[in-house]
Amino acid sequence: MLALIRKDLQIEFRTKETLASLLLLGLLTLVVLSFAFDPTSELRVEAAPGALWVAVIFAGVLGLSRSFLPERENDCMQGLLLCPVDRGTIYLAKTVANFAFMMAAQLAIGPIFIFFFNLRVTASLLGVFLSLALGVLGFAAVGTLFAAITVRTRAREVMLPLLLLPLVVPIFIAGVKVTGQLLAAKPLADVAPWLNLMLGFDVIFLVVGWMVFEYAVEE
Amino acid sequence: MADAVIEARGVARRFAGITALHGVDLSVHAGEAVALFGPNGAGKTTFLRILATLLRPSAGTVRLFGQAVADGGAAARRRIGLLSHQSFLYPDLTPTQNLEFYARMFGAPLARVRELLVQVDLLGWAHRPVRTLSRGLEQRCALARALLHEPDLLLLDEPFTGLDVDAAAMLTGMLRAAHARGTAILMTTHDIGRGFAVCSRAAILVRGRMMWNGPIAEAQRDAFDETWTAAVRGRERARPVRG
């Protein structure tokens, strides 16, 4: 599995395509949304969680739609499937790589998000990070599976969001709720049910993805 | 006779209503080199992909190294090297990075990477992205990838396509050396001369049916030529063969 993750990092290090597009789209979304609200308004702070998760969705869909493109060239997916590893391992490695790219982009745009929305997050930083990690992991778990299914279709840019977004609605609702309450200085214990929901979602979809990936990539 | 490395019985494969293979039988034993000839669309690549565990047969059974591959075939894949039309090499990585990746995946020692780069005469291009290599150089790197883990079975799908004379001669030499070490080879090709240069047995697949399966010897040459000519002209012999 480490060899698979290392390979994805090597490709990204050389091309920088996924991270650059994730960063740019995430940043653009946040900047545009921050200008939609009055800088002094309380509404701006209330809208911040929604803006953050919209940026995660937009950038994430773009990143996921690109995630299997290296495997399309020279039929590298067949090369991967020829390796003597369980095919579920290929899925898990790809999910970890997608998670790492999305989290790296979110961490980079995080300070800009705090600045543009004029937030005080010192106390809630750890909780927000935790919710972001759980949300992005679930998003990557479902998205990696659907990215593998849609990468061979002609209309993959349309198919991926159509299949993916309805399924990940629960995790985004939970993410917005957790982030909103933590930014409003509520204790972590108050958002525990939402965090549990996100954790459960992650576990279920990681297991499902691991089990069905073999059939998803089969002709 | 040595143990069967490949034992395919009644292998059929359908794609969306189109039958690509109709109950193909083929056995390849350890140390044997078999050329699988056939015109375009005969089902050679489909058959090879089934043997490589990349595709499930719609009907029939495949045993590799004496084991059924119904369990996913991960153990069998460790002993198979596949050289296909496509190189399976990541264009943004260098030959060294690609080969190191596949060496890790197959549990082969990393020292094999340099050894093979020397063998396929690719050291000078070892640190350039594969995207910048010519088709011939990329195919050499793909050959190194297929041989990296010293497989017991080499499946070769039109391996000479796109190679210049020198590279083709090098490939023939490497295949002969692998064969001499006891590696079983199953090679699909249109090129009778190259197939005969490497292999000791031939099979002809026409429209998904096995039409010839036997040793390449002078005594059988006329019958082989007749079957091959009919296959190329689009006519099938009356009775498919089994074996």
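What follows is a chat about one helix and one sheet in a predicted model.

Mentor: Quick ground rules: residues count from 1 along each chain as written, and chains are lettered from A in the order written. As the model is predicted, local features need pLDDT of at least 70, and side-chain atom pairs count only at pLDDT 80 or more, while totals for chains, interfaces and linings use all residues.

Trainee: What makes H8 of chain A a bent helix, and where is the bend?

Mentor: A bend is the angle between axes fitted to the seven residues ending at a residue and the seven starting there. For H8(A), residues 156-183, that angle is about 50° at A:Val169. A proline, A:Pro170, follows within four residues.

Trainee: Why is A:Leu160 called buried?

Mentor: Buried means 20 or more other C-beta atoms, placed from the backbone, within 10 Å of a residue's own (exposed is 12 or fewer, partly exposed in between). A:Leu160 is listed as buried, so its count is 20 or more. Others in H8(A) include A:Val168, A:Gly175 and A:Leu183. Helices H3, H7 and H9 of chain A are among what covers them.

Trainee: How do you know that S6 and S7 of chain B pair?

Mentor: Pairing takes at least two DSSP bridges between two strands. S6(B) and S7(B) have 4, in the parallel sense, so they pair. B:Gly81 stands opposite B:Leu154 in S7(B).

Trainee: What makes S6(B) an edge strand?

Mentor: The open sheet runs S6-S7-S8-S3-S9-S10 in chain B, with mixed pairing. S6 (80-83) and S10 (209-215) of chain B each pair on one side only, and that puts them at the edges.

Note on methods: Helices (H or I, at least four residues) and strands (E, at least two) are DSSP runs, numbered from the N terminus. Two residues are in contact if their C-beta atoms, placed from the backbone, lie within 7 Å.
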